[in-house]
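Hello,

Here is the structure I promised to pass on to you. Please open it first, and my notes follow below.

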Amino acid sequence: MTENSNSNAEALEVIPIAIRFAGRAATFEEQGSELVILRSGDVDIIAYSGDLLLNDFGKLLSYLNQNTNAYATKVLYQTKDQLIALLTVKLAKILGRQNLDAGASRYAKSVFRTLRRLELVDTEGDPTIYARRLLSRWKLRGHEEFYRALGELLLRKGGWTLVLAQLDSLSKGGNYRKKMLHEALRDSLEEKRTTTGIWSVDALVQCLVDLELIKPWDSFHKKYDILWERAAQLLQGSILG
Amino acid sequence: MPISVEIPERVIKGVRGKKIRLNIQVEHPREDWKNIGVTVDFSDSLALPSVQREIKRNEVGFSIINVDMEVPPERPSKRTELRIGSITVTRNGDKTTQLLPKLIILTPESYFEEITGETLRSLGYEVQRYSGPRNPDLVAYHPDQPGKLDVEATTESSYNLVKYRSDIGKFHGLKHVHNFQRLLIVTKADRIEPGVFDELAHVHDPLTLIRYGDLKRLLSKYKNCQISKYEVISKLTQSGFVEV
């Protein structure tokens, strides 16, 4: 065997070390749950639209990044209105969806609002530093780092702590079927007026699964297990600076 | 015990340039405390500076410290197995020191054999790694499939006809000694030269050629329950070149 490159150095190996002190009462999970529920009280609106999945955010950011060429000239759009008009036409292709037809304009506006709330674009639709940080992770092989950074953004700026808190409250409150639980979640979020426009609760829950904030549906116990420790870690994260 | 430090008892296998992260989670004490200090001292062989962190109060009640390090090159003159170092925690005058896990620095070839073996183990195989040029790289056996596999893990930057013939020759030489049923070649490189595919088209030997990337994809599908263990066995015993 003859190879001498450093390309073996592919993965990051993590050694978990826990330090505890005598007299401690609450576990990481308990503390995570407290933190998420505490933060969810401040949420006015949830940044989410349509049926966006995690990879769709990466695709959108890649597209927006093409607006500036090597000479720092804007080549696709100059203003927010031009961006929305462009997304209306191009969104289906960017996201790899069926033709969005009549709903395309609403979807594009809704997507723009979501990106604004997450502070991924500025008022004119130009990608911000957060967008560039996410994009650099999106370009890496495997998207784990991207999901982690996006999870941090969604929890800290996108108000997704409220989704977790609601899901937790509903899971404890009744013996729902999966579809019923999703409907109850949608109703509770709409009742609080934290969501606007058209959005898919199924896709939102799928995002939570992909972010590893909840486990996939447990059909035996009829509930979603919330991974509080992961949520707390993301809320404490340092990727966004 | 006033301070407890839990460190997994395992030996870390690394290769030059591999990144290792110490993910230190500190649960804050419930009662009053002034300051907590965490110090990571690396062993002399690693020649890395110590890392010191002060824990501050926050609303969560715990803190996370990440300390990253990179595995240095292996040195033939010295032992390649070493202790990463130690971690010291101090709080209000109390002090506890614990040793960090051991690190074995492998050559790129040995490391690739190790990670290939690990991947096969995660796919349900029982794997034994051998050393020496006259032995198979790995011997794998699946409890649900009769017969043993000779696994050759190859790290060439491009898998070519010369290496292919050498692997086949080695298999023929070893198959009666070890009672092998099949040969599984795992290439680290994505590039496989066209001549190999030409040979594979006419091969009669029970052999499977797979890229490591495809083996990882197979594992990912298996772990996500997209495929069963029988489909894994079927893939890895499919003759010729296998893609996932």
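In what sense do β1(A) and strand β3 (residues 19-27) of chain B pair, and over how many bridges? The two strands run parallel, and eight bridges link them. One position to look at is P16(A), which stands opposite N23(B) in β3(B). Please keep in mind throughout that this is a predicted model.

The contact between the chains

That strand pair belongs to a contact that takes 28 residues from chain A and 42 residues from chain B. On the chain A side, three elements each supply at least two residues: β1 (12-21), α1 (28-40) and α10 (228-235). The largest share of that side, ten residues, comes from β1(A). Sorted by class, the chain A residues that touch chain B are 16 nonpolar, eight polar and four charged.

Chain A as a whole

Chain A has ten helices and one strand. Going from the N terminus, the strand leads and the helices follow, in the order β-α-α-α-α-α-α-α-α-α-α. Of the 241 residues in chain A, 34% are buried. If you take the contacts in chain A between residues at least 6 apart in sequence, 66% of them join residues at least 24 apart.

The cores

In soluble globular proteins, nonpolar side chains tend to be buried together. Here the largest nonpolar core has 56 residues. Those with the most contacts inside it are L61(A), L134(A), L150(A), V163(A), L164(A), L208(A) and A231(A). Helix α6 (residues 144-156) of chain A gives this core its largest share, seven residues. L61(A) is a good place to start exploring: leaving aside residues up to four places away in sequence, L61(A) touches L120(A), P127(A), A131(A), L134(A), L135(A) and W138(A). There is also a second, separate core of 47 residues, which includes I19(A) along with Y111(B), I115(B) and F180(B).

A helix pair

I also looked at helix α3 (residues 80-95) of chain A and helix α4 (residues 104-117) of chain A. Their axes come within 8 Å and cross at roughly 115 degrees, and the crossing of α3(A) past α4(A) is right-handed. From α3(A), the residues that make the contact are L83(A), I84(A), L87(A), T88(A), L91(A) and A92(A). From α4(A), they are A104(A), S105(A), Y107(A), A108(A), K109(A), V111(A) and F112(A). By class, this contact has ten nonpolar, two polar and one charged residues.

Two backbone positions to check

Most residues other than glycine have a negative phi. Which value does phi take at R193(A), which is not a glycine? The angle is positive there, about 55 degrees. R193(A) sits in the loop between α8 (178-191) and α9 (201-210) of chain A. With 9 other C-beta atoms within 10 Å, R193(A) counts as exposed.

E212(A) is another residue other than glycine with a positive phi, in this case near 60 degrees. Its place is in the loop between α9 and α10 of chain A. E212(A) is partly exposed, because 15 other C-beta atoms lie within 10 Å and the exposed class ends at 12 or fewer while the buried class begins at 20 or more.

Have a look when you get a moment, and tell me what you think.

Best wishes

Notes:
Residues are numbered from 1 along each chain as its sequence is written. Chains are lettered from A and ligands numbered from 1 in the order in which they are written. This is a predicted model: local features need pLDDT of at least 70, side-chain atom pairs count only at pLDDT 80 or more; totals for chains, interfaces and linings use all residues. Axes are lines fitted to C-alpha atoms, for helices over the stretch in contact, and angles run from 0 to 180 degrees between N-to-C directions. Helices (H or I, at least four residues) and strands (E, at least two) are DSSP runs, numbered from the N terminus. A crossing is left-handed if the near helix is turned anticlockwise from the far one by less than a right angle, and right-handed if clockwise. Two residues are in contact if their C-beta atoms, placed from the backbone, lie within 7 Å. Ala, Val, Leu, Ile, Met, Phe, Trp, Tyr, Cys and Pro count as nonpolar, Asp, Glu, Lys and Arg as charged, and the others, Gly among them, as polar. Two strands pair if DSSP finds at least two bridges between them. A nonpolar core is a set of buried Ala, Val, Leu, Ile, Met, Phe, Trp, Tyr and Cys residues joined through C-beta atoms within 7 Å.
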